[in-house]
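Colleague: I am new to this structure. Could you take me through a few of its residues and helices?

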Amino acid sequence: MINSPLMTVMVDAVRKAARGLKRDFGEIENLQVSRKGPGNFVSAADRKAEEVLRDALMKARPGYGLIMEESGNIEGTDRSHTWHVDPLDGTTNFLHGIPHFAISVGLERDGQIVAGVIYDPAKDELFIAERGKGAFLNNRRLRVSGRQDFADALVAYGTPYLGRGSHGRLLKEVAAVMAVSGGTRRLGSAALDLAYVACGRTDLYWERDLQTWDIAAGIILVREAGGFVTSADGGAEPLAARSVACGNEVLHRELIGLLRKAAA
């Protein structure tokens with residue numbers, strides 16, 4: 001595991017926020033739910049978890065800025081550091097009682113993601129990574145899948161919310177990938193999709209129309225696990241593009257080719 005002061009701060013904050021999510025998930029029928037937009041729901045649990053994360057991170061690193069899903073942006077006095085915080089990634093799964101959701105916190109330093117934590121409270125799985133120190137799931141070091149044949153690859157993808165993004169484009173991309181891959185999956189949490197590529201459970205993942213808090217932590221996880229991460233169009237900056245594609249070098253290259261051909 002990584003025992004740096006920075007990782008201690010991040011893990012402690014995430015575990016504190018997870019306590020409330022675990023309680024609320026156990027009482028899913030009693031959650032107060034409000035509608036935030038077409039097909040995108042936010043719960044009282046989401047807001048509570050973000051408050052806990054914000055307070056813990058600001059106490060430990062008072063000068064750092066924050067970019068948060070519910071509360072927006074908080075500029076810090078230290079302009080070099082910014083937290084990207086998603087208190088509940090996989091909200092739709094959570095609200096339907098599906099135990100596949102996560103808390104995600106990534107740290108950006110001078111434009112680069114340098115540390116990330118993704119915690120799945122339902123399975124008690126803690127994914128962590130820090131630049132130059134590797135990626136880990138609980139106490140096990142992670143490596144991306146070594147598969148080289150696309151016909152054997154299990155490929156995860158994300159779908160845009162109603163009113164956001166192009167469903168038509170996605171359908172073309174999924175059709176192209178399904179035709180040559182070993183299988184496809186839509187799991188419902190971008191953070192865990194990235195974490196699963198990092199630990200080799202899935203071989204590839206792509207999604208568009210994302211926010212930085214969805215993918216910041218996962219980007220460093222995949223890279224520290226030896227994987228390649230770009231935008232879904234193959235560009236070098238997934239945060240700026242608000243899209244992601246990742247996997248090992250060989251399969252990632254083939255995936256980008258398939259996505260580009262589908263969009264032509």
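Modeller: What follows is a short talk about two residues and one pair of helices. This is a predicted model, in which local features need pLDDT of at least 70, side-chain atom pairs count only at pLDDT 80 or more, and totals for chains, interfaces and linings use all residues. Residues are numbered from 1 along each chain as its sequence is written, and side-chain values use heavy atoms, with hydrogens and water left out.

Colleague: Where does aspartate 89 lie?

Modeller: Aspartate 89 lies in strand 5, residues 78–89 (a strand is a DSSP run of E, at least two residues, and a helix one of H or I, at least four, numbered from the N terminus).

Colleague: Which side chain of opposite charge is nearest to aspartate 89?

Modeller: That is arginine 186, 8.0 Å away. Aspartate 89 is buried (under 20% relative accessible area, 1.4 Å probe, protein chains only; exposed is over 50%, partly exposed in between).

Colleague: Which side chain makes a polar contact of 2.6 Å with aspartate 89?

Modeller: The partner is the side chain of serine 189.

Colleague: Next topic: is threonine 202 buried or exposed?

Modeller: Threonine 202 counts as buried because its relative accessibility is 4%. Threonine 202 is found in the loop between helix 5 (190–198) and strand 13 (204–207).

Colleague: At what angle do helix 5 and helix 6 cross?

Modeller: Their axes cross at roughly 5° and come within 8 Å, helix 6 being residues 212–224. Therefore helix 5 is roughly parallel to helix 6 (angles under 35 degrees count as such, over 145 as roughly antiparallel, 65 to 115 as roughly perpendicular and the rest as oblique).

Technical notes: Lys, Arg positive; Asp, Glu negative; His and termini not counted. Salt bridge = Lys/Arg side-chain N within 4 Å of Asp/Glu carboxyl O. Polar contact = N/O pair within 3.5 Å; in protein donor to acceptor, adjacent residues only side chain to side chain. Axes fitted to C-alpha atoms, helices over the stretch in contact; angles between N-to-C directions.
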